[in-house]
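Got your viewer open and a cartoon view ready? Let's take a walk through this one, stop by stop.

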Amino acid sequence: MNAGANPRSLDDWQQRWTEGNTKWHEPNGNEMLWRHFDKIIKDTFPTKSANELKVLIPLCGKAHDIYYFYQRGLTVVGVEYAAQPIKEFFEENNLEAKQPNEIGVFTETTDSRLCIGQGDLFTFTGEPGHCRSLPVEKYDIIWDRGSFEALNLEDRPRYSKFISSLLSSDGVHLITVPEYSLEEYVGTPRVATKDDLVSVFDKMNVEYIDSRDGLAEGAYDSEKWKSRGLTSIFMKMYKMTHK
């Protein structure tokens, strides 16, 4: 079966936020990320403190991970197409936002250490001087949970080139992707293997970090996968660095 079947538009995702149909939203952040985060950061940036690190979260929604990064002292930049989760993120975490700039693209905390841009990810740029210039040109960390897996297959090469251009030369791209049988389900989140990542991110080293059984007893999303007819699904985490 074709993994790229059932393509989704940006407005489809916005509609799901409007309807409250956001079963991909993790209630307590990503357990694999925080299980390994301290070691990965210590190994990758042995001489840097948290307040020197900058993280980009594409297609961020209102993920709890945004706030966890912020609490740890990092500078955090997210990008999200839908306006609703950005508003809800600031409200639910009791964060005071600056008045939006004249074009209303970015919402940021009063200390300017957390910023979320609203719009199509591919309309943003790391280059300064544009109305959609991201506040940071290069990032030490890219956290990709729910971004790559949500893309239509034809957008993967463009995404790889764009995201990799925003990662600093010594930075780390952390990504989670689902693995399941296309004989059982086709749709989002889109399946991706390590070989897929190696092929799409062909200028990156790809290292397996961890996995989570989506059907394990007590997993927050197990009923969702069962309702889609899946008998096996693993969420796998990888670390990618520039070659």
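Which residue in S8 stands opposite Thr176? Select Thr176 and look across to S8: the residue facing it is Met237. Before you go on, keep in mind that this is a predicted model.

**Stop 1: the strands around S8**

Colour strand S6, residues 167–180, and then S8. Eight bridges join S6 to S8, and the two run antiparallel. Now add S7, which is joined to S8 by nine bridges, again antiparallel. To see one facing pair here, click on Met204 and find His242 in S8 opposite. If the word "antiparallel" is new to you, strands of a sheet pair through backbone hydrogen bonds, either parallel or antiparallel.

**Stop 2: one lysine in S8**

Stay on S8 (residues 233–242) and select Lys239. Is Lys239 buried or exposed? Its relative accessible area is 18%, and since buried means under 20%, Lys239 counts as buried. Show its surroundings as sticks: Lys239 touches residues including Ile40, Val172, His173, Asn205 and Glu207.

**Stop 3: the whole sheet**

Zoom out and show every strand. Eight of them form an open sheet, in the order S3-S4-S2-S1-S5-S6-S8-S7, with mixed pairing. Strand S3 (106–108) and strand S7 (204–213) stand at the edges with a single partner strand each, so one side of each has no neighbour in the sheet. Turn the view to follow the twist, which averages 20° from one strand to the next.

**Stop 4: the parallel pair and a helix**

Select S2 together with strand S4, residues 114–118; these pair in the parallel sense over five bridges. Val77 stands opposite Cys115 in S4. Next, switch on helix H4, residues 83–92, which lies across S2, S3 and S4 and runs at about 160° to S4.

**Stop 5: the largest pocket**

Finish with a surface view. Rolling a probe the size of a water molecule over the atoms shows where empty space is left. The largest pocket has a volume of about 730 Å³. To find it, select Trp13, Leu59, Glu80, Gly146 and Ala150, the residues nearest its centre out of the 46 that line it. Which helix gives the most to this lining? That's H1, with five residues. Other elements supplying at least two residues include helix H3 (64–71), strand S5 (139–145) and helix H7 (222–227). Colour the lining by class and you'll get 20 nonpolar, ten polar and 16 charged residues.

Key. Residues numbered from 1 in each chain as written. Predicted model: local features only at pLDDT ≥ 70, side-chain atom pairs only at ≥ 80, totals over all residues. Heavy atoms only, no water. Helix = DSSP H or I, 4+ residues; strand = E, 2+ residues; numbered from the N terminus. Buried < 20%, exposed > 50% of the residue type's maximum accessible area, 1.4 Å probe, protein only. Contact = heavy atoms within 4.5 Å. 1 Å grid on protein atoms, 1.4 Å probe; cavity = no way out; pocket = protein on both sides within 12 Å on 5 of 7 lines; lining within 4 Å. Points joined across faces, edges and corners; volume = space filled by probe spheres on them. Nonpolar A, V, L, I, M, F, W, Y, C, P; charged D, E, K, R; others polar. Pairing = 2+ DSSP bridges. Axes fitted to C-alpha atoms, helices over the stretch in contact; angles between N-to-C directions. Lists of a residue's contacts leave out its neighbours within four places in sequence.
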